[in-house]
Amino acid sequence: MSLSEKDIQTIIQSVMQNIETVIGQQSPQQAQEIAPIKMKTVSYETPNAGVHYSSSSVGELGVFERMEDAIEASFLAQKEYVSSFQVKDRERIISAIRNVILSEKETLARMVLEETKLGRYEDKIAKHELAAAKTPGIEDLRTAAFSGDDGLTIVEQAPFGLIGAVTPVTNPTETVVNNAIGMLAAGNAVVFNVHPSSKNVCAFAVQLINKAIKESGGPANLVTMVKNPTLDTMNVLVESPKVRMLVGTGGPGLVKALLQSGKKAIGAGAGNPPVIVDDTADMENAAKSIINGASFDNNLLCIAEKEVFVLDSVADDLIFNMLNNGAYMLDQHQLQQVMSFALEENEKQVAQGCSLDNKREYHVSKHWVGKHAGLFLEKLGVQAPSNVKLLICEVDFDHPFVQLEQMMPVLPIVRVKNLDDAIDLAVKAEHGNRHTAIMHSKNVDHLTKFARAIETTIFVKNASSLAGVGFGGEGHATMTIAGPTGEGITSARTFTRQRRCVLAEGGFRIIG
Ligand code: NAD
């Protein structure tokens, strides 16, 4: 199947529709009930669970037993790519990758869910669509030119060569697709050390990508990975002189490890995005937006709303609107119960999650990360409407659900007296990650004040966090938001070197 630009635009529009929650008009009597959310029916089980996919149909394309062999194969592929292929060939190859991912998006979503057991099927389809359709290609590259009496100088964006990329379990194949498109558009090849808990589906994605590249006439092994990734295989990747750039998407431990490599490294680290809602906000829009962002893929995304600071004067209004749009309020007893199974005491005093702080009292229990709100309610023995997508609770600032990047559909809400308190606490809760923050307000001064105080890579106003990566917001998509190293919303140009080429007076300077 081959898709035109127009087809891709249509798909992008359908992605937007998929994630928009459409709420019907409510009568006052309905106000205490949870409104039906017009999205595809959500199941918190893997659709067709038990169906096993074999990657054998696409062969072993790009998947190697040894990291050394993956590096060698991609190293040679990149040499061929830059010497024998033109920029228009890159465009054709990238278009083939987009097409194959779009046509296999359901299979990929199902396989990710089966292997990682995290998140929601429908949202994973949307994430694959987003990565395939909205990751920029060669159009992202710009050549700068200067001309004048002294001649002509151009500055080109040249490839780095071979890139080593490390990917998270939360967006496993979506990051492989997004990184591969951006890196190949810039003329590089890439070797992945994927998260071990997603190695089978990532191998399938790498094979699909290589098959598409081969069928469009490109070189073999532009995208490779090691079949069984470990910390040892990552060390081989980091230490290989053939790998010229490292790109890591994951928690702070990974970013720290890559930054110690002595190589050019791009680090996309953890977030703990706060939301502020002030007394000028449109409460219904704020409630719907927060629920959309915080419940998407069961809150796995690093950009997702993780804690809310709301002015006391409007807190009841916000909560009322949230309950009316797919949220369920945990009472204090239920909250204690959720903490007892979804958090674990940090007995060994080790750092985990969104911060390298080893003094935290709790960690999140891996078993409950990315699980559907319905499973939490089942465990609590609560009969709730099946369309509940998000659990909310009222807590103090020090509560572990505020401080931890929990990646569960449990959103803590903290009441504050005024805007200054909201900003102060939100900045503290973000832990200096400078990742993402969201604010609902109609007051420009308030928006500016918070944006300046928190200095995040993404700052979303009056919309869901998803708008920050191109879901219902302008701008391209990325799965690698490089806050710690400052590249921001990465794209092809991030994976380039600046190369200056100078022609002084056309080479005919006459010295008089
Ligand atoms: P993780 O840090 O546990 O793992 C990410 C990758 O790094 C995996 O491949 C893992 O094997 C490897 N890794 C982990 N610790 C390492 C270490 N000390 N040394 C070397 N390699 C290491 O993260 P995860 O659970 O897979 O993903 C969730 C985390 O990633 C969250 O913190 C989330 O915020 C973050 N994330 C960030 C972005 C972004 O763009 N900034 C995108 C997605 C996820």
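Trainee: What is the strand order in the open sheet of six strands, and what is the sense of its pairing?

Mentor: In this predicted model, the six strands of the open sheet follow the order 1-6-5-4-7-8, and their pairing is parallel.

Trainee: What makes strand 1 and strand 8 the edge strands?

Mentor: Strand 1 (63–64) and strand 8 (264–268) each pair on one side only, and they are the edge strands of that sheet.

Trainee: How do you know that strand 4 and strand 7 are paired?

Mentor: Two strands pair if at least two bridges are found between them; strand 4 (residues 162–166) and strand 7 (residues 243–249), which run parallel, are joined by five bridges, so the condition of at least two is met. Within this part of the sheet, Ala-165 stands opposite Val-247 in strand 7.

Trainee: Which helices lie on these strands, and at what angles to strand 5?

Mentor: Helix 2 (residues 67–84) lies across strand 1, strand 4, strand 5 (189–193), strand 6 (223–226) and strand 7, and runs at about 165° to strand 5. Helix 8 (residues 231–239) also packs on the sheet, where it touches strand 4, strand 5, strand 6 and strand 7, with a direction that makes about 150° with that of strand 5.

Trainee: Why is helix 4 called roughly antiparallel to helix 7?

Mentor: Helix 4 (residues 105–116) and helix 7 (residues 199–215) pack at an angle of about 160°, with their axes 8 Å apart. Because angles over 145 degrees count as roughly antiparallel, helix 4 is roughly antiparallel to helix 7. Helix 4 contributes Thr-107, Leu-108, Met-111, Val-112 and Glu-115 to the contact, while helix 7 contributes Lys-199, Asn-200, Val-201, Phe-204, Ala-205 and Leu-208; by class, this contact has seven nonpolar, two polar and two charged residues.

Trainee: How do you know that strand 3 and strand 20 are paired?

Mentor: The requirement is at least two bridges, and strand 3 (residues 151–159) pairs with strand 20 in the antiparallel sense over nine bridges. In strand 20, Arg-500 is the bridge partner of Val-155. Both strands belong to an open sheet of three strands in the order 2-3-20, with antiparallel pairing.

Trainee: What makes the approach of Ile-481 to the ligand a polar contact?

Mentor: A polar contact is a pair of N or O atoms within 3.5 Å, and a polar backbone atom of Ile-481 is 2.6 Å from an oxygen atom of the ligand, so the pair qualifies. For His-195, a polar backbone atom is 3.4 Å from an oxygen atom of the ligand, and for Gly-250 a backbone N or O atom lies 3.4 Å from an oxygen atom of the ligand.

Note on methods
Residues numbered from 1 in each chain as written. Predicted model: local features only at pLDDT ≥ 70, side-chain atom pairs only at ≥ 80, totals over all residues. Heavy atoms only, no water. Axes fitted to C-alpha atoms, helices over the stretch in contact; angles between N-to-C directions. Helix = DSSP H or I, 4+ residues; strand = E, 2+ residues; numbered from the N terminus. Parallel < 35°, antiparallel > 145°, perpendicular 65-115°, else oblique. Contact = heavy atoms within 4.5 Å. Nonpolar A, V, L, I, M, F, W, Y, C, P; charged D, E, K, R; others polar. Polar contact = N/O pair within 3.5 Å; in protein donor to acceptor, adjacent residues only side chain to side chain.
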